[in-house]
Amino acid sequence: MKMKVLSRNDIIFAIDMKKMMETVENVYRAKAEGKTEVWPTVFYDFKTGEQDMDIKSGYLKSEGIHGLKVINWTAANETKGLPSLVGIITVFETETGMPLGVLDGSVITGLRTGCAGAIGAKYLAGKKRDTLFVLGAGNQALYQTGAFILQFPELRKIYVADPVVPEKAAAFVGTVKERLMSELKIDAGRVEFKNVSSEEDMAAGVRDTRMIVTVTPARNPVIKKDWIRPGTHLSCIGSDMSGKEEIEAEIFRGARVYADDLQHCIKVGEMEIPLKTGVISEADICGEIGELILGKKQVRRDDDEITIYDATGMALLDIAAAKAALDMAEKTGAGQTVEI
C-alpha cells in the first residue's frame, strides 16, 4: 500500500495560493449544498492559554475523500526555536478506504485559514478595501496577509498589532515581504506594513481601515466598539474554543453576522460570548458563508453596515486543502511516495 508524504518544505515548494483560495471557496459551497459531513471535534486543553490539542475530521462527498487532522498548539515552543503549531493531516479515498497521503498540518492549517479570512472579506467587506488591520503577529499572520494581498489587488497598507508582545509585530513587519515571497510566492512590494501595537496606535489603525482580521488566542477583547467605523468588516479567526474573545461583544449588536459552521461557532466561536450575554440572539445570525457564496443570503444592506465573519475552522477545509496540496505535489514532483 503506497501513499504520498509531504513535509512542510514540500508543501511550500508545491503550493499555489490561488488554487488554495478556490479550494476553500468550493468547500464552503459544497457544505451549503449538503455535500459534506463534519464529525465531532475532539479537544483537550492541557494548560489554558498555553497548550491545547484538537482532532478534527470530516467527509467531502463531492470529492470522494475523507480524513482527519491532529493539531497541537504550544505557546512555549517559540522560546525553544520550535513552531507553536504542529500537526498532521491524513487524507483517504472514500470509495476504497485507501490512504492518499500524510502531510504536515501546520502549513495546510495556515493556508486554508488565511484563505478563509480573505474569502469572508471578499463577500462581506464594503467599498474601502485598500487598508487592512491584522490583530496578531503569530503563525497565522503571514497567511492572512498573503491571502488578503492576493484577494485584493487594491490593498496598499496593512497595520499589524500584537499588544501582548509588541516586539513580535515589529519583527513580523520587518520580514513579512521576504517571507511572503519565499513561503507563499506572493509579491507584496506594493504594500506598506506598519506596527501599531500600543493601544493608541491600534485605535488609530482600526479607525483608518474597513477590513479587520483577528488571529490571536485572546480571552479578553482587544478591539473596542468605539474604534470601529461604519462600513467595517471583521473576519474573526482566532476564537476557536469556548471562552476566547478578540473583539468587544457590543460590536455584534446590529451587525450582519455570518459563520463558517454555524453550530460550531455558536458553541466556541467569537459569537459565543455575545450570544451568552444577550447582546445578540441566534435569530440575529444571518447564516453560513456558503449560503452567501451561493447567493442564498443578502450580503449587506448598506455601505455603513458592520459585517462579521466568524470562522472557527473546519476539518473539511484541512482535508480539501491537503488533497489540493497532494495534487500540486504530484505535478511538481514534491514529496516522497512511501509503502506502508
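This text walks through a predicted model, starting with a sheet and moving on to two of the helices and a loop.

The sheet is an open one of eight strands. Read across, the strands come in the order E9-E8-E7-E10-E11-E14-E12-E13, and the pairing is parallel. E9 and strand E13 (285-288) form the edges; each has a single partner strand, so one side of each has no neighbour in the sheet. From one strand to the next, the twist averages 20°.

At the E9 edge, the parallel pairing of E8 with E9 runs over four bridges. One residue pair can be named here: lysine 157 has glutamate 192, in E9, as its bridge partner. Helix H6 (residues 199-208) packs on the sheet and touches strand E7 (131-135), E8 and strand E10 (211-214). The direction of H6 makes about 140° with that of E7.

Next comes helix H5, which spans residues 166-184. H5 has a kink of about 55°, and the kink is centred on threonine 175. Which residues of H5 are buried? They are Ala169, Phe172, Val173, Val176, Leu180, Glu183 and Leu184. Some spacings in such a list can be read with a general rule in mind. An α-helix has 3.6 residues a turn, so residues three or four places apart point the same way. The cover over the buried residues of H5 includes both helices and strands: helix H1 (8-14), helix H2 (17-32), H3, helix H4 (139-151), strand E8 (157-161) and strand E9 (192-195).

After H5 comes lysine 185, which lies in the loop between H5 and E9. Its phi is near 60°, a positive value in a residue other than glycine. Most residues other than glycine have a negative phi. Is lysine 185 buried, exposed or partly exposed? Lysine 185 has a relative accessible area of 44%, so it counts as partly exposed.

The last stop is H3, one of the elements that cover the buried residues of H5. Helix H3 covers residues 105-124, and threonine 113 is found in it. Why does threonine 113 count as buried? Its relative accessibility is 10%, and the cut-off for buried is under 20%. A polar atom of the threonine 113 side chain lies 2.6 Å from the backbone oxygen of threonine 109. Leaving aside neighbours within four places in sequence, threonine 113 is in contact with Gln140, Gln144 and Ile237.

Technical notes
Residues numbered from 1 in each chain as written. Predicted model: local features only at pLDDT ≥ 70, side-chain atom pairs only at ≥ 80, totals over all residues. Heavy atoms only, no water. Helix = DSSP H or I, 4+ residues; strand = E, 2+ residues; numbered from the N terminus. Buried < 20%, exposed > 50% of the residue type's maximum accessible area, 1.4 Å probe, protein only. Polar contact = N/O pair within 3.5 Å; in protein donor to acceptor, adjacent residues only side chain to side chain. Contact = heavy atoms within 4.5 Å. Bend = angle between axes of the 7 residues up to and from the residue. Pairing = 2+ DSSP bridges. Axes fitted to C-alpha atoms, helices over the stretch in contact; angles between N-to-C directions.
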